[in-house]
Amino acid sequence: MSETLPRAAVGACLDAMPRHAPATRRRGGVIDESAPVQTALVAAAVGILALLVVLPLLAVFTEALRRGVGHYLESFADADTQAAIRLTLMVAGIAVPLNLVFGLAAAWAITKFEFVGKSLLVTLIDVPFSVSPVVSGLVFVLLFGAQGVFGEWLAAHDVQIVFAVPGLVLATVFVTVPFVARELIPLMQEQGTSEEEAALTLGASGLRTFLSVTLPNVKWALLYGVLLCNARAMGEFGAVSVVSGHVRGLTNTMPLHVEILYNEYNFVAAFAVASLLAGLALVTLVAKSILEWRGGDQLERSRRI
Amino acid sequence: MAISSNGHAASEASGTVAIRTEGLAKAFGATAALAGVDLAVEAGELVALLGPSGSGKTTLLRVVAGLEQPTGGRIFFGGEDATFVPVQARRVGFVFQSYALFKHMTVAENIAYGLRVRPRRARPPRDAIRRRVGELLDLVQLAGLERRFPSQLSGGQRQRVALARALAVEPKVLLLDEPFGALDAQVRRDLRRWLRELHDRTGHTTLFVTHDQDEALELADRVAIMHRGRIEQVGTPDEIYDHPATAFVAGFVGDAVRLPAAAEAAGLRVGAHMIPSPVVAANGTRRDDGPAVLFVRPHDLVPVADHVHGIAVEIAAVRRAGSGHRAEVMLGHGLPPVDVVLPAGRTARRGDRIRVAFANLRVFPA
């Protein structure tokens, strides 16, 4: 949940700024505040951001490099750390494509068809946003764990889900379900179905229509959703922690590994792995800005037609 | 005209039926959008579907296109049953009110789309597609704009691209859904004339939906008036305007005021006045006694000079209308005012009494 709030806030700021810029530039308007008030407001915003975002981010890198670059790089030579990185990449590599397909299918169904239970489906997509990640993890333990509903059957067939990679993937998929669908639904709703209908009357097959009309129209929103989905998939802690079992080198993802290292007072290694996650966040931010700059143009155009 | 569809349309001798529907019905849940529509459109004809919103005209167009499946009845294209033919195989050119241009494609790519998506053996070679796009751009007077994106065009230009895109696949019929609905009045009028010229040149069988009666009456060879999922009347603009077949058509077409009346042996009673039987017989469509409705348009009531004939009325208001004036008069207490067009050069004042006579009487059973 925590990741969605700043995203929405930042998005709103980015959206609002260019559109309202001409209005604020007008001098003497009723919305103009006096200079001291303006300064105070800006200072407060910058101060809070610095305290809550910039300072911790700097701390991560300072701690990681406290004993020099050599020590920093040495942390990654550890086999368990490398296993954690590989596992995180693998889980995200499975969970993100799954949610890409699911998000597209769900958005398509919700926006292009009328069916019974549509609003229920929309609500269900939001469940992972409103449920604590720990609870979502716990659900899978209760379902697939040794004492769970399907536990006996799974044990009899020698299938390990909880405390193994399938459990990590399930928990990650669950937590990241809303990202792609949420990004697509409003856009596809606004675009309606007339372009698809036009393609059909021109003789295009259903698949061709999807590939040549629907997909290009949602391209940027889809990439945006995938980016956020990926960031969350790699950074997820709570749900994954419950189903992981924290087996070093086997079921430890990067966020879990950071916690273990920290609890063992191995600060440099803990912050080194944390710096990778922080780096991922920074890359995500940059990519997000590029998408907004590049795709915003197209989305803006889509609104005018 | 280098457009090959020209020959296609010409080969269908005039008088053959291009589109025919039989008892076409479409229900959305419990509401019937179409309740048994029988319509025949002849090859090369330009037919308007006119009606208030919710009358089923757009649904009819979409069912003909194959974008909606009918819940009853049949559709024939040139004698062949097309009721269950999928939309892709119907060869219809559909133009949407919202243009529905492909935003991420250039004008040229939009127009070429219908040719490019054909299966390999039916697809024209690249050069042929480019030539055809060029011809169509000339036809819709947009040559030079092929590399623009839809967002860089005006509304009228967009709708012409949409038309060119629909024509590119050499459709058997052209279906236009409120094609000028989203444009401003001046552009509408220009495009209307342009479309009529284009139709006269290319001869495509065209069915178009509109809620604008001026557009329908000016543009169409025949007009079909729709109301509550049925066709009330089909006829030439003159037939529709001068001889409305039902009370709905009489009230919907023209700037008509609806007045309650009563048919009696002596004539037609309207408010405080009695229109004598001989006058009703000469004009009217109804003779049975009983409650009736009378529809009055501005030109139906004319001032008469003498002091014997006609009805004496008092002028409630005088308004300027174009080159002359219109007077509002009351035919009876509690009745809505009706307009009388005053002869050019004649003015009147509120409170003046004049005598008027009915030039036309459109009476229907209540």
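Domain bounds in this tour come from an automatic or database domain assignment. The model is predicted, so that local features need pLDDT of at least 70 and side-chain atom pairs count only at pLDDT 80 or more, while totals for chains, interfaces and linings use all residues. Residues are numbered from 1 along each chain as its sequence is written, and chains are lettered from A and ligands numbered from 1 in the order in which they are written.

**Stop 1: the two domains of chain B**

Colour residues 5-245 of chain B as domain 1 and residues 255-365 as domain 2, following the domain assignment. The centres of domain 1 and domain 2 of chain B, taken over C-alpha atoms, are separated by 41 Å.

**Stop 2: a six-stranded sheet in chain B**

Helices (H or I, at least four residues) and strands (E, at least two) are DSSP runs numbered from the N terminus, and two strands pair if DSSP finds at least two bridges between them. Select the open sheet of chain B whose six strands follow the order β6-β7-β8-β3-β9-β10, with mixed pairing. At its edges are β6 (92-95) and β10 (230-235) of chain B, each of which pairs on one side only. From one strand to the next, the twist averages 20 degrees, where axes are lines fitted to C-alpha atoms, for helices over the stretch in contact, and angles run from 0 to 180 degrees between N-to-C directions.

Within this sheet, pick out β3 (residues 46-50) and β9 (residues 222-227) of chain B, which pair in the parallel sense over four bridges; Ala48(B) has Val223(B) of β9(B) as its bridge partner. Then add helix α5 (residues 155-168) of chain B, which lies across β6 and β7 (173-177) of chain B and runs at about 170 degrees to β6(B).

**Stop 3: a hairpin in chain B**

Next select strand β1 (residues 17-28) and strand β2 (residues 31-42) of chain B, which run antiparallel and are joined by nine bridges. Ala27(B) stands opposite Ala32(B) of β2(B), and in this hairpin, with two residues between the strands, Gly29(B) takes a positive phi near 65 degrees.

**Stop 4: a five-stranded sheet in chain B**

Move on to the open sheet of five strands in chain B, ordered β15-β19-β16-β17-β18 with antiparallel pairing. Its edge strands are β15 (301-304) and β18 (338-341) of chain B, each pairing on one side only, and neighbouring strands are turned by 55 degrees against each other on average, direction ignored. Strands β16 (residues 311-321) and β19 (residues 353-358) of chain B run antiparallel and are joined by four bridges, and the partner of Ala312(B) in β19(B) is Arg355(B).

**Stop 5: a helix pair in chain B**

Show helix α3 (residues 107-116) and helix α4 (residues 126-139) of chain B, which pack at an angle of about 125 degrees with their axes 10 Å apart. The angle makes α3(B) oblique to α4(B), since angles under 35 degrees count as roughly parallel, over 145 as roughly antiparallel, 65 to 115 as roughly perpendicular and the rest as oblique. Residues are in contact if their C-beta atoms, placed from the backbone, lie within 7 Å, and here the contact includes Ala108(B) and Ile111(B) of α3(B) and Ile129(B) and Arg132(B) of α4(B).

**Stop 6: helix α8 of chain A and its partners**

Turn to chain A, where helix α5 (residues 118-130) and helix α8 (residues 165-191) pack at about 125 degrees with their axes 7 Å apart, which makes α5(A) oblique to α8(A). Among the residues that make the contact are Ile125(A) and Phe129(A) of α5(A) and Phe174(A) and Val175(A) of α8(A).

Now add helix α6 (residues 133-144) of chain A, whose axis comes within 10 Å of that of α8(A), the two crossing at roughly 135 degrees; α6(A) is therefore oblique to α8(A). This contact includes Phe140(A) and Phe144(A) of α6(A), and again Phe174(A) and Val175(A) of α8(A).

**Stop 7: where the chains meet**

Finally, display both chains together: 18 residues of chain A are in contact with 20 residues of chain B. On the side of chain A that touches chain B, α9 (194-201), α10 (206-235) and α13 (267-304) of chain A each give two or more residues, and α9(A) supplies the largest share, six residues.

Notes:
Contact = placed C-beta atoms within 7 Å.
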